[in-house]
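This report is meant for someone who is opening the structure for the first time. Please keep the sequence and the model in view while reading.

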Amino acid sequence: DAVRMTLPEPIGLESDILAGLDRLLDRLCTTLEAKGMGIRTARLQVYRTDGSMQWITAGLARPSHDPERVRPLLAMKVPEIDAGFCIEMLRLEAVQAEPVHKVQTRGHLAAGEAVTERLKGDYALDDLIARIGGRVGMEAVTRLHPASSHIPEKGAITLAAAWSEPAGDW
């Protein structure tokens with residue numbers, strides 16, 4: 001899925017690109033939410049008036065259709081964009097989208113318990129992994145998991161944190 005915005009006047013300021021990103025991100029996330037999908041990898045493409053194009057890409061540790069979880073990851077890479085002779089079109093694409101399961105309607109007690117569970121850090125850790133991964137690469141952020149071995153040096157395996165769940169008790 002992708003959305004685009006052709007601009008009536010060429011832009012070149014970082015704040016203008018961020019304003020366009022906000023409008024595009026809302027539209028893309030609404031479309032994906034209607035399909036029950038979330039962004040795992042997003043790409044912002046900028047088309048310049050001289051016919052050239054540049055893009056920035058951001059990945060999330062967990063798929064989401066919440067613009068507030070995707071925006072900071074793309075916004076930190078916007079300074080890398082060279083406006084050149086000005087930008088005439090923006091295009092935002094969900095390069096990789098995955099299903100996002102809806103939350104079941106609950107009563108007050110169950111809803112309170114769900115909020116408590118969510119505040120334990122599930123999303124905060126995912127957002128942290130995504131932010132660090134945006135700077136150093138998603139594959140560079142790793143976590144250890146137990147492995148079955150009698151050799152102490154091989155008692156753990158290293159997995160990419162973005163694509164693995166935290167290990168349980170060792």
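What follows is a description of a predicted model, taken up in turn through its salt bridges, a pocket, a surface patch and one backbone angle.

## Salt bridges between helices

The structure holds seven salt bridges. In one of them, the side chains of Asp 22 and Arg 71 meet at 2.4 Å, counted from N to O. Asp 22 belongs to helix α1, which covers residues 14–35, while Arg 71 belongs to helix α2, so this pair ties together parts that lie 49 residues apart in sequence. Asp 22 has a relative accessibility of 27% and counts as partly exposed, and Arg 71, with a relative accessible area of 24%, is partly exposed too.

Helix α2 also carries Arg 69, whose side chain meets that of Asp 127 in a salt bridge of 2.8 Å, N to O. Asp 127 lies in helix α4, and the pair links distant parts of the chain that are 58 residues apart. Is Arg 69 buried or exposed? Arg 69 is buried, because its relative accessible area is 14% and the limit for a buried residue is under 20%. Its partner Asp 127, by contrast, is partly exposed, with a relative accessible area of 28%.

## A salt bridge between strands, and a network

The side chains of Arg 40 and Glu 98 form a salt bridge of 3.4 Å, N to O. Here the link runs between strands, with Arg 40 in β2 (residues 37–48) and Glu 98 in β4, and these distant parts of the chain are 58 residues apart. Arg 40 is buried at a relative accessible area of 7%, whereas Glu 98 is partly exposed at 23%.

Some salt bridges share partners, and in this way Arg 43, Arg 91 and Glu 93 are joined into one network.

## The second largest pocket

The second largest pocket has a volume of about 220 Å³. Of the 14 residues that line this pocket, Arg 62, Asp 126, Ser 164, Glu 165 and Pro 166 are the closest to its centre. Two elements, β3 (53–64) and α4 (122–136), each give two or more residues to the lining.

Which element gives the most to the lining of this pocket? It is α4, which supplies four residues. In character the lining is mixed, for its residues divide into seven nonpolar, one polar and six charged.

## A nonpolar patch on the surface

Leu 125, Leu 128, Ile 132 and Val 136 form a nonpolar patch on the surface, and together these residues have about 330 Å² of accessible area. One of them, Ile 132, lies in helix α4, the helix that also gives four residues to the lining of the second largest pocket. Ile 132 is partly exposed, with a relative accessible area of 39%.

## An unusual backbone angle

Most residues other than glycine have a negative phi. Against that background, Cys 86 stands out, since its phi is positive, at about 95 degrees, although Cys 86 is not a glycine.

Where is Cys 86 found? Cys 86 sits in the loop between α2 (67–75) and β4 (87–99). With a relative accessible area of 29%, Cys 86 is partly exposed.

Key. Residues numbered from 1 in each chain as written. Predicted model: local features only at pLDDT ≥ 70, side-chain atom pairs only at ≥ 80, totals over all residues. Heavy atoms only, no water. 1 Å grid on protein atoms, 1.4 Å probe; cavity = no way out; pocket = protein on both sides within 12 Å on 5 of 7 lines; lining within 4 Å. Points joined across faces, edges and corners; volume = space filled by probe spheres on them. Nonpolar A, V, L, I, M, F, W, Y, C, P; charged D, E, K, R; others polar. Patch = residues over 30% accessible without salt bridge, like charges linked within 9 Å, V, L, I, M, F, W, Y side chains within 5 Å. Areas by Shrake-Rupley, 256 points an atom, 1.4 Å probe, with all protein chains shown as cover. Salt bridge = Lys/Arg side-chain N within 4 Å of Asp/Glu carboxyl O. Buried < 20%, exposed > 50% of the residue type's maximum accessible area, 1.4 Å probe, protein only.
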